[in-house]
Amino acid sequence: MFRAPVWRAVTALAVIAISLILALVSAPRLGLDLRGGTQLVFETRDSPTVKADSAATDRALDVLRQRADALGVVDPTLVRSGERRIIVELPGVLDPRQAAEVIGRTAQLAFHPVLGNEGDVRDENGGKLRLGPAAITGDGIADAVQQSDPQRGPGWWVSIDFRDAGAWQRMSGAAACEPVGDPKRRIAIVLDDEVISSPPLDPSIPCRTGIAGGSADITGSFTHDEARDLAVLIKGGALPVPLTIVEQRTVGPTLGAAAIDASAKAAVAGLVLTAAFIVAVYRMSGLLSTLALACYGLISYAALVAMGATFTLPGLAGFVLAIGMAIDANVLVFERAREEYDQGRGRRGLKAALDRGFRNAWSAIADSNVTTLIAAGLLFWLASGPVKGFGVTLAVGVLASLVSAMLITRVLAHAVIGRVGPRLSGLGSPGAVRTWLTRRNPQLMKARRLWLAIAGTLVAAAVAGLLARGLNFGVEFTGGRLVEFATAKPLSADAAGQAVSRAGFPSAVVQAGGDGVTVRAGQLGLDDVARIEQELERQAGEVTKRSEEFVGPSLGEELRRNALVALGVAVSMQLAYLAIRFRWTFGAAAVLALLVDVTVVAGMFAWLGKPVDGIFLAAMLTIVGYSVNDKVVVFDRVRELWSSRSPFVTAVNSAILQTMPRTVNTGLGALFILLALMAFGGDSLRDFALALVTGIVTGTLSSAFVAGPLAVWLARFDRKPPPGPPVKRRRVSGAVV
């Protein structure tokens, strides 16, 4: 009896100490949407000679890494995704045109002899050249560096060193044998089928002898940036296969700083509101759970930095949201302890009631957390970009909440509960909601046809919105480019639309409000974005690009397909888990109620014209986890109350009433967090919070008014007999002689 609490306390202290050390010694890794920069997603394509398989993609990744390092980007991130995609993150690089040109250019470099002026190749001055076969390719170059020398005059050039000095000497020696002024005395330097320089050899170079030393200079009136970029391309080598940009995101550093500030405010406000609410409801027990909640935040943060996880804007939203979800396990335990103390009329004592509360609540806590982990796993598996960070953060938050509630809260409660009175502990009274429900004992299931009719009406309204207005898919699902500008002067939507039309895009979707203008179009290149920015500057003064997002059509179709697959798999896995854990009728009722929740949220976004993107997908999968979580708690209590001695409809009604205090308290805790996100978050987080608020409200109501009636209706098809009454184990003591 004494040893278990001691070891539990030692384990809790060890977890907190390790988390504190990790949090202090490890620096968080911020994503580009928080610190500013450019993310490029390249997809390798087959060339006439090389197939774009994983090996070719790995070689291309090595070339890109050399180029990123040579550009001087601080802490670039380059990883292969799948067999043919490469994700490149360049912090601080805010010009996607330069990044794409230097990083992703094929860079097939070659030195060609010039055979005459009658060819179809244009030189750097626009003249015609006829070239011979390449004598030296990019593989034969050892190094390249930009240089300048005031004694040689203004301008920059690129100095290169050859691996095979003899090859360069033979090539230059052959060209030196041609008369001065003859085009054959020139050597053409070709980069990606374009002549970048074709200088004639100096008259002092002797025939056949050529240029010794294995080095040469590429001249061409380059600026410093042009010379540097050319040196990077040459030194990095040629890509083995062509690359195509399928996704690109650029975020300004000011927007990232604002996102961090908004998330911090939301976290503090949500934590304060949740703590105040939980202390008001559960008094001393609530205060102890608030301390455990602070430890939960520390454990979650330490786990994420120890894993090397990248903190993204959706990830921060997940971290803030998990604070509200972490209180759920505490609420389950406290409500169960209140029941145990009330049923025993105080004879068992507070500590005994608390122990039984932890023990009896474990089943519902475990089942509900598994359903949330399923949703988080699907986000990580099928989502892309920053939304993956939300999945990771949500999963870590769920596991940390288990440690917080079942270990830290338990240690703190054992140390305090029993030394304070029942009223101060917060466990000595059933609570206002439970008292009211016990006194009134409403028979909700008598009106189950009415509840299902109301749910059907809501679904019909949602489907009408989906059919009449459709979903406003963002560029993440449709493909295209989305650019957000900050303007010095406010612009009306009409004025902004006219400016975009003058830039050549009358069909672009333009939104304006406050000091921002958002432009979305399917066919919008990087040069087009620069033209739009110039047109906006003529009317609004200084214009700064806040963020930019590009998704290729093939990737957009893939993401859209993955979103549908994610939702389908999530629903199927929840059904399978509930059917195995409970009964197939319980699983079917929960999933049908879940579909009502999802349809209502989607229909609301259709009627409001809100964007549907990866953040919306994260919200929907979170709703799936939360909604099933809620229904698991109800059906877990149904399983406990139902036996051959009581009708099924009575067990369902009693289970809904008994779990309603937990449902209300947990829902309010999550709503405090989401309201803070809506108040302090940006537009994307505000839509994310709106979807979750709607999903939590509908999910809470559907647990009682949709899942319960459906379970009663489906029970007629379930031939499995009800469970028998629980068997009490008797302790047998004695000795064997």
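Here are some notes on the cysteines and on one helix residue in this predicted model.

1. How many disulfides does the model hold? The count comes to 1 disulfide. The partners are C177 and C207, with an S to S distance of 1.7 Å. For reference, a pair of cysteine sulfur atoms has to be within 2.5 Å to qualify.

2. On the geometry of that link: the angle about the S-S bond is 85°, and the C177 and C207 link is right-handed.

3. What does the bond tie together? C177 sits in the loop between α5 (165-176) and β10 (187-191), while C207 sits in the loop between β11 (194-197) and β12 (215-222), so the disulfide connects parts that are 30 residues apart in sequence.

4. Are the two bonded cysteines buried, exposed or partly exposed? C177 has a relative accessible area of 29%, which puts C177 in the partly exposed class. C207 comes out at 38% relative accessibility and is partly exposed as well.

5. Then there's C295. Its relative accessible area is 17%, so C295 counts as buried, given that buried means under 20%.

6. Over to V272, which you'll find in helix α7, running over residues 253-307. Is V272 buried or exposed? V272 is exposed, because its relative accessibility is 52% and the cut-off for exposed is over 50%.

7. If you want a distance to check in your viewer, try V272 against S81. Going C-alpha to C-alpha, V272 and S81 are 40 Å apart in space, and in sequence V272 and S81 are separated by 191 residues.

How values were computed: Residues numbered from 1 in each chain as written. Predicted model: local features only at pLDDT ≥ 70, side-chain atom pairs only at ≥ 80, totals over all residues. Heavy atoms only, no water. Helix = DSSP H or I, 4+ residues; strand = E, 2+ residues; numbered from the N terminus. Buried < 20%, exposed > 50% of the residue type's maximum accessible area, 1.4 Å probe, protein only.
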